[in-house]
Amino acid sequence: MEENKNEQMKLFDIEKPVIKGYPELRWTGKRPFTSTQFFPAQLKECYGNPDASGWMNKIYWGDNIQVMSHLLKDYRGKINLIYIDPPFDSKAEYKKKIKLNGTTAESDISFFEEKQYGDIWTNDEYLQFMYERLLLIHELLADDGSLYIHLDYHRDSAIRLILDEIFGPNNFQNEIIWALSGVSGYKSLVNGWVRGHDTILFYTKNNEAFFNKQYLPYSEEQLKRFSSIDKDGRRYKSITKERKLYLDEAKGVPISDVWSDIASFQTIVNSPEITNYPTQKPEKLVERIMLSSSKKGDLVFDCFMGSGTTQAVALKLGRRFIGADINLGAIQTTTKRLLNIIESNPLEKDTTTGFEVYNVNNYDFFNNPIQARDLLIDTLQVQRFDSNNVFDGELEGRNVKIMPVNHIATKADLENLISNLPYKLYQKRQDEKPDEPVDRITLVCMGHEPDLAASFQQRVNYKIDVQIEDILLDKREIELKRDSRAEIAIENNRLVIKSFYPMNLLQKLSLQKESVEDWRQLADSIMIDWNYDGSVLRPEVIDNPGKNQLVAGTYVIPAKHGRIRVKITDLLSQSLEIEAK
């Protein structure tokens, strides 16, 4: 127990926790993340190496509370603008249509829907979730920084109260109404009033925050009001007897807090920027926010990035960015979107930079919680119990409970276990041996609150020997076994991918009674690092085909190369990395 505590002290800095139970993470030499670096070849020629450019944008795949805790070390008080589009508590499950590449016929049925994420919460669960993250957001925001949080009617009033507590009511700046139906009069067949707007709450760190007022061009009717012409031929209109407003000096119509000029994707279903990611927001919306509350070169952050709209706009406007999302589909969608922007725009030193994608704490392990649980049981050699037992198994005389693996274990995760403990048996054991523990329990988790064991013991009115087995600290060599397989060969100085079998995807397709003629129909992208260093994937080949196109599958190997690492990502955004021997 003491050794485990010492190891935890190395990973967590618990002297200044921002949130009780969520200390600040700091990296150790053990690297609790893996990364992929996308640094365009033309930038390498310009800068020589990533560090010479002064900045590499960052995207994190993982729980944003862990990501933000890590960011505090280097970015506390340094982020100029934060825009987030968090869960709305809409009581809905959002799905994405998955379609085989290379299928174009309208009657083709080779597609299925895949759940991306759920937005179903209990009241306390949602508010606690948001409160913890907004505390960290406040710490990361610069003194002249701004926060825009995108909501709808479900929770906007509750979130505003939380923001008033964290930021202070005096730092509430405005409530922006985005009229979803503004441009084309979108209507819905519903009972009662048709919902026609979202709400964006605007807060700042203090009242000295940067703000750049935005204007709309004058309409034809408004231009007619500049009907007067002075002796120099300049058009103007009279504001008062003494004051004139010249057309060539006028900036336009100041934008109010009701935005009815930006259409939603409900009304522009064929927009070229649509990624088919659920709840995607238009770039014009984020662009207006970014132009208003940030300057060129400022650092922008979105920890619920979804389809990557914030990152895409930042890249185009010359802002630096950090993004995070717990959904693997969001990481893949954003990565492809940014790569397409970089590829389609000529090199501009001040606007086009590379970016890195981090897998926080081996988050691919979390992607399949059931499989991860079974793997932990097998790896730790736990003797399994049947499904009716509150514990998962027994190891060396101790009852073992696998805690949820898709986030760090919290005191809230103890609820189900504590409520189902065998209290009658405990009472019997206590009566027989009052000085002995009534149970010996090991909690297996992927990161945990520092006082998890103490909290457990305090809440159970029996003497219990509780130990924590933290896989992130003690079992870093564990990796989720990949179901996917691929056959790669080197032939005539070419790298040839002969086959690719993404088993999870194929299983879903088999349920649809689909057959696949070409493995390339299953591949979303292929990336190749010709000189893999064993740690960071720096792809020099990025085969990222457009809609209804297939990856090449065959690639010329450069004369100077080292270890060759290939990353194949399927239509479910799940990846297989393999080295060519």
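# Exercises on a predicted model

Right after helix 5 comes Gly168, a residue with a positive phi near 95°. Keep that spot in mind; Exercise 2 returns to helix 5.

Some ground rules will help. This is a predicted model, in which local features need pLDDT of at least 70 and side-chain atom pairs count only at pLDDT 80 or more, while totals for chains, interfaces and linings use all residues. Residues are numbered from 1 along each chain as its sequence is written, and side-chain values use heavy atoms, with hydrogens and water left out.

## Exercise 1: the whole protein

Find how many helices and strands the protein has, and what share of its residues is buried.

Step 1. Helices (H or I, at least four residues) and strands (E, at least two) are DSSP runs, numbered from the N terminus. The protein has 15 helices and 32 strands.

Step 2. A residue is buried under 20% relative accessible area, exposed over 50%, and partly exposed in between (1.4 Å probe, protein chains only). Of the 581 residues in the protein, 51% are buried.

Step 3. A contact means heavy atoms within 4.5 Å. Take the contacts between residues at least 6 apart in sequence: 71% of them join residues at least 24 apart.

## Exercise 2: the faces of helix 5

Work out which residues of helix 5 are buried and which are exposed.

Step 1. Start with the length. Helix 5 (residues 156–167) has 12 residues and spans 16 Å from its first C-alpha to its last, close to the expected 16 Å; the expected span is 1.5 Å times one less than the number of residues.

Step 2. List the buried residues of helix 5: Asp156, Ile159, Ile162, Leu163, Ile166 and Phe167. These cover an arc of only 120° around the axis, so they sit on the same side of helix 5. The arc is that of the directions from the helix axis to the C-beta atoms.

Step 3. Turn to the other side of helix 5, where Ser157, Leu161 and Glu165 are exposed.

Step 4. Recall the general pattern: an α-helix has 3.6 residues a turn, so residues three or four places apart point the same way.

## Exercise 3: the packing of helix 13

Find what the buried residues of helix 13 pack against.

Step 1. In helix 13 (residues 452–459), the buried residues are Leu452, Ala453, Ser455 and Phe456. Viewed down the axis of helix 13, they fall within an arc of 160°, so they line one face of the helix.

Step 2. Their packing partners are helix 11 (415–419), strand 23 (439–445) and strand 24 (464–470).

## Exercise 4: strand 5 and its neighbours

Is strand 5 enclosed or open, and which strands do its bridges reach?

Step 1. In strand 5 (residues 79–84), 6 of the 6 residues are buried, so the strand is largely enclosed by the rest of the structure.

Step 2. Two strands pair if DSSP finds at least two bridges between them. Strand 5 runs parallel to strand 8 (residues 141–151), joined by 5 bridges; here Ile84 stands opposite Ile149.

Step 3. Strand 5 also runs parallel to strand 17 (residues 299–302), with 2 bridges, and Ile82 has Phe301 as its bridge partner there.

## Exercise 5: edges of a sheet

Name the strands at the edges of the sheet with the order 12-13-14.

Step 1. This open sheet has 3 strands and antiparallel pairing. Strand 12 (228–229) and strand 14 (244–246) are at its edges with a single partner strand each, so one side of each has no neighbour in the sheet.

Step 2. Strand 13 (residues 235–238) pairs with strand 14 over 3 bridges, and Tyr236 stands opposite Tyr246.

## Exercise 6: two positive phi values

Decide whether Gln381 is buried or exposed, and do likewise for Ser573.

Step 1. Most residues other than glycine have a negative phi. Gln381 has a positive phi near 60°, and Ser573 a positive phi near 70°.

Step 2. Gln381 lies in the loop between helix 10 (369–379) and strand 20 (383–384). Its relative accessibility is 67%, so Gln381 counts as exposed.

Step 3. Ser573 lies in the loop between strand 31 (564–570) and strand 32 (575–580). Its relative accessibility is 8%, so Ser573 counts as buried.

## Exercise 7: confidence

Find the average pLDDT of the protein and a stretch where pLDDT stays under 50.

Step 1. pLDDT is the predictor's confidence in each residue, from 0 to 100. The protein averages 80, and 78% of the residues score at least 70.

Step 2. Residues 1–32 stay under 50, and residues 46–53 are below 50.

Step 3. Where pLDDT is low, the predicted coordinates should not be read in detail.
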